[in-house]
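Below are some notes on this entry, set out as numbered points. Please read them with the structure open.

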Amino acid sequence: MEADLTSVLDAVGPRLRALRTERNLTLGEVSAASGVSVSTLSRLESGRRRPNLELLLPIAQLYGVPLDDLVGAPPTGDPRIHLRPIEHHGTTAIPLTRRPGGVQAYKMVLAGDARGTEPELQVHEGYEWLYILNGFLRLVLGSNDFVLGPGEAAEFDTHTPHWFASADGEAVEFISLFGQQGERMHVRARPRRP
């Protein structure tokens, strides 16, 4: 068991160096972005320092890779992704991405309807892209009111007051891509014609 752990830890350094090299980053750039000192990064890459979670987590986030990729976790033999739905107020969100930072993907399912419900517009950091799979989604963006159907998409800055719900009382399923402020996709929806 100790030999297995040693070989796993010994392989971390070359992986860190390869990721940094692939991204054309210097140790100084990685240090500035991750908060890990240049000397520590150098020792990690050369194998003179044992990696730990406190060091690997900010590096994994910077490179946008799961921690498993840094430590070379053994394959499980099961290629299926085991999604864990998150349920909140009639909405089910199923995370489709597992990497830290960057654009995150979710399959969303909204049950019931909000017709007659006054929209409670919200704002927050980020940028969102929606693609409707099934059903009809009512999307309120500022003073615009849209109904999106299967195959339609919308993209918006989440600083714009927004709200969405089922448009017709039936469940609606859609893919949501949500990114940090400034990360944008390139599909736009048109307002509903009166």
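1. Glu128 is buried, because its relative accessible area of 8% is under the 20% cut-off. Glu128 belongs to strand E4, which covers residues 127-134. The Glu128 side chain has a polar contact of 2.6 Å with the side chain of Ser176. This is a predicted model, so the distances here and below are those of a prediction.

2. A second buried residue is His162, with a relative accessible area of 6%. His162 is in strand E8, residues 162-166. Two polar partners can be listed for its side chain. One is the side chain of His124, at 3.3 Å; another is the backbone oxygen of Thr160, which lies 2.9 Å from a polar atom of the His162 side chain. Leaving aside residues up to four places away in sequence, His162 touches Glu120, Leu121, Gln122, Val123, His124, Val140, Leu141 and Phe156. His124 thus appears both among the residues touched and as a side-chain polar partner.

3. For the chain as a whole, the secondary structure comes to 6 helices and 9 strands. The chain has 194 residues, of which 34% count as buried. Among contacts with a separation of 6 or more, 63% are between residues 24 or more positions apart.

4. The helix pairs come next. Two packed helices are described by the angle between their axes and the distance between the axes. How do H2 and H5 pack? Helix H2 (residues 12-22) and helix H5 (residues 53-63) have axes 11 Å apart, at an angle of about 30 degrees. H2 is therefore roughly parallel to H5, the angle being under 35 degrees. The crossing of H2 and H5 is left-handed. On the H2 side the contact involves Val12, Leu16, Leu19 and Arg20, and on the H5 side Leu56, Ile59 and Tyr63. Sorted by class, these are 6 nonpolar residues, no polar ones and 1 charged.

5. H5 also packs with helix H3 (residues 27-34), at an angle of about 105 degrees and with the axes 9 Å apart. H3 and H5 are therefore roughly perpendicular, as the angle is within the 65 to 115 range. Val30, Ala33 and Ser34 of H3 meet Pro58, Ile59, Leu62 and Tyr63 of H5. The classes here are 6 nonpolar, 1 polar and no charged residues. Ile59 and Tyr63 of H5 take part in the contact with H2 and also in the contact with H3.

6. Is the pairing of H2 with H4 parallel or oblique? The axes of H2 and H4 are 6 Å apart and make an angle of about 120 degrees. H2 is oblique to H4, because that angle falls outside the ranges for the other classes. From H2 the contact takes Gly13, Pro14, Leu16, Arg17 and Arg20, and from H4 it takes Leu44, Glu45 and Ser46. By class this contact has 3 nonpolar, 2 polar and 3 charged residues. Leu16 and Arg20 of H2 are listed in this contact and in the one with H5.

7. Asn52 sits in the loop between helix H4 (38-46) and H5. With a relative accessibility of 32%, Asn52 counts as partly exposed. A polar atom of the Asn52 side chain lies 2.9 Å from the backbone nitrogen of Leu55. Asn52 and Leu9 are 43 residues apart in sequence, with their C-alpha atoms 9.4 Å apart in space.

8. Within H5 itself, Leu57 is partly exposed, with a relative accessible area of 47%. From C-alpha to C-alpha, Leu57 and Leu70 are 9.5 Å apart, and in sequence they are 13 residues apart.

9. One backbone angle should be pointed out. Most residues other than glycine have a negative phi. Asn24 has a positive phi, near 55 degrees. Where is Asn24 placed? Asn24 is in the loop between H2 and H3. Asn24 counts as exposed because its relative accessibility of 69% is over 50%.

Methods:
Residues numbered from 1 in each chain as written. Predicted model: local features only at pLDDT ≥ 70, side-chain atom pairs only at ≥ 80, totals over all residues. Heavy atoms only, no water. Helix = DSSP H or I, 4+ residues; strand = E, 2+ residues; numbered from the N terminus. Buried < 20%, exposed > 50% of the residue type's maximum accessible area, 1.4 Å probe, protein only. Polar contact = N/O pair within 3.5 Å; in protein donor to acceptor, adjacent residues only side chain to side chain. Axes fitted to C-alpha atoms, helices over the stretch in contact; angles between N-to-C directions. Parallel < 35°, antiparallel > 145°, perpendicular 65-115°, else oblique. Left-handed = near helix turned anticlockwise from the far one by under 90°. Contact = heavy atoms within 4.5 Å. Nonpolar A, V, L, I, M, F, W, Y, C, P; charged D, E, K, R; others polar.
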